[in-house]
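Me: I should like to go through this structure and ask what justifies each description given to it. Please set the values against the criteria in each reply.

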Amino acid sequence: MRRDIIGLATSIWDFKPIVTINRCSKFEDRIEVEKKANKLTMVESFAALFGSNKHNKLLLLFGRPDVLMGMTLAHEMMHAWLRLQGLIGDRKPERLVEEGICQVMSHRYGKWFCSRGFKDSPYKKTDEQLQFTKDLNKYYANLKKTDSDEAYREGFKQAMHVVKENGLKKTLDYIVKKGRLAPKMEEDEDNCVDTKGSLPPHKNDVAPPQGLQWAIAQ
């Protein structure tokens, strides 16, 4: 497992129970957690690995700060959306391309959450908590650029550059159609500005990923 992994993957032979957190209550400095265990069946494992019309589970480690949990969901939901577009099997993009665009979605969620997303939270944050959230997001944004895994590190840099050049929707259209990013530009990503890209038109426009509207709006 990667040192900073938050999502959780299971192998086809791993049928250990999946622990779900039903309820969490805080009493002063003590936290009580109500858990429920559901055993992963072989059918569910095959469906998760090879694709299926069934609903599959997304497993997340419990207890992470809200901004990291949201960033993880944005990343993993982007994986799921690509699968729903038919990018499986022979059509599956290279790992660098897929992890790169998923990291971009994670990054965009973090920016959104720290700018105004937390204002909609039912739990009011103190000024100290808000600053901690922003610092944590900034740390993870920098970590994406120095990740020890090349697919995550270089994929993020390349995908971020292409999104800045062409916009998110055109980039997603291109990935769905070609299975790769648009040809890489020469300018440094930090000096890029948003422009109208010149990607070939896609006759069937890709619908924005459901649940990720907040990121596309940014």
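Reply: The chain exposes about 14,100 Å², of which carbon and sulfur atoms supply 53%. The model is a predicted one. Its chain has seven helices and four strands, and along the sequence these follow the pattern β-β-β-α-β-α-α-α-α-α-α. Buried residues account for 37% of the 218 residues. Of the contacts between residues at least 6 apart in sequence, 68% join residues at least 24 apart.

Me: Why is α2 called oblique to α4?

Reply: Helix α2 (residues 66–84) and helix α4 (residues 127–145) pack at an angle of about 40 degrees. Angles under 35 degrees count as roughly parallel, and those from 65 to 115 as roughly perpendicular. The angle of about 40 degrees belongs to neither class, and therefore α2 is oblique to α4. The axes of the two helices are 9 Å apart.

Me: Which residues make the contact between α2 and α4, and how do they divide by character?

Reply: Helix α2 contributes D66, V67, L68 and M71, while α4 contributes T133, L136, N137, Y140 and K144. These residues divide into five nonpolar, two polar and two charged.

Me: What makes the pair of Y109 and W112 tilted?

Reply: The structure holds four aromatic pairs. In the case of Y109 and W112, the ring centres lie 5.5 Å apart, and rings count as a pair if their centres lie within 6.5 Å. Their planes are at 50 degrees; stacked requires under 30 degrees and edge-to-face over 60. The pair therefore counts as tilted. Both residues lie in helix α3 (residues 95–115), three residues apart, about one turn of the helix.

Me: Why is the pair of Y109 and F113 called stacked?

Reply: The ring centres of Y109 and F113 are 5.8 Å apart, and their planes are at 25 degrees. Because planes under 30 degrees apart count as stacked, the pair is stacked. Y109 and F113 both lie in helix α3, four residues apart, about one turn of the helix. An α-helix has 3.6 residues a turn, so residues three or four places apart point the same way. Y109, W112 and F113 form one aromatic cluster.

Me: How do you know whether Y109, W112 and F113 are buried or exposed?

Reply: Buried means under 20% relative accessible area. Y109 has 10% relative accessibility, W112 has 15%, and F113 has 7%. Each value is under 20%, so Y109, W112 and F113 count as buried.

Me: What is notable about the phi of E28, and why is E28 classed as exposed?

Reply: Phi of E28 is near 55 degrees, a positive value in a residue other than glycine. Most residues other than glycine have a negative phi. E28 lies in the loop between β2 (17–27) and β3 (30–39). Its relative accessibility is 74%, and exposed means over 50%; E28 therefore counts as exposed.

Me: Which residues of α6 are buried, and what follows this helix?

Reply: In helix α6 (residues 168–178), the buried residues are L168, T171, L172, D173, Y174, I175 and V176. The helix α6 is followed by G179, whose phi is positive, near 75 degrees.

How values were computed
Residues are numbered from 1 along each chain as its sequence is written. This is a predicted model: local features need pLDDT of at least 70, side-chain atom pairs count only at pLDDT 80 or more; totals for chains, interfaces and linings use all residues. Side-chain values use heavy atoms; hydrogens and water are left out. Buried means under 20% relative accessible area, exposed over 50%, partly exposed in between (1.4 Å probe, protein chains only). Axes are lines fitted to C-alpha atoms, for helices over the stretch in contact, and angles run from 0 to 180 degrees between N-to-C directions. Angles under 35 degrees count as roughly parallel, over 145 as roughly antiparallel, 65 to 115 as roughly perpendicular and the rest as oblique. Contact means heavy atoms within 4.5 Å. Ala, Val, Leu, Ile, Met, Phe, Trp, Tyr, Cys and Pro count as nonpolar, Asp, Glu, Lys and Arg as charged, and the others, Gly among them, as polar. Rings of Phe, Tyr and Trp (its six-membered ring) pair if their centres lie within 6.5 Å; planes under 30 degrees apart count as stacked, over 60 as edge-to-face and the rest as tilted. Accessible areas come from the Shrake-Rupley method with a 1.4 Å probe; for residues, only the protein chains shown count as cover.
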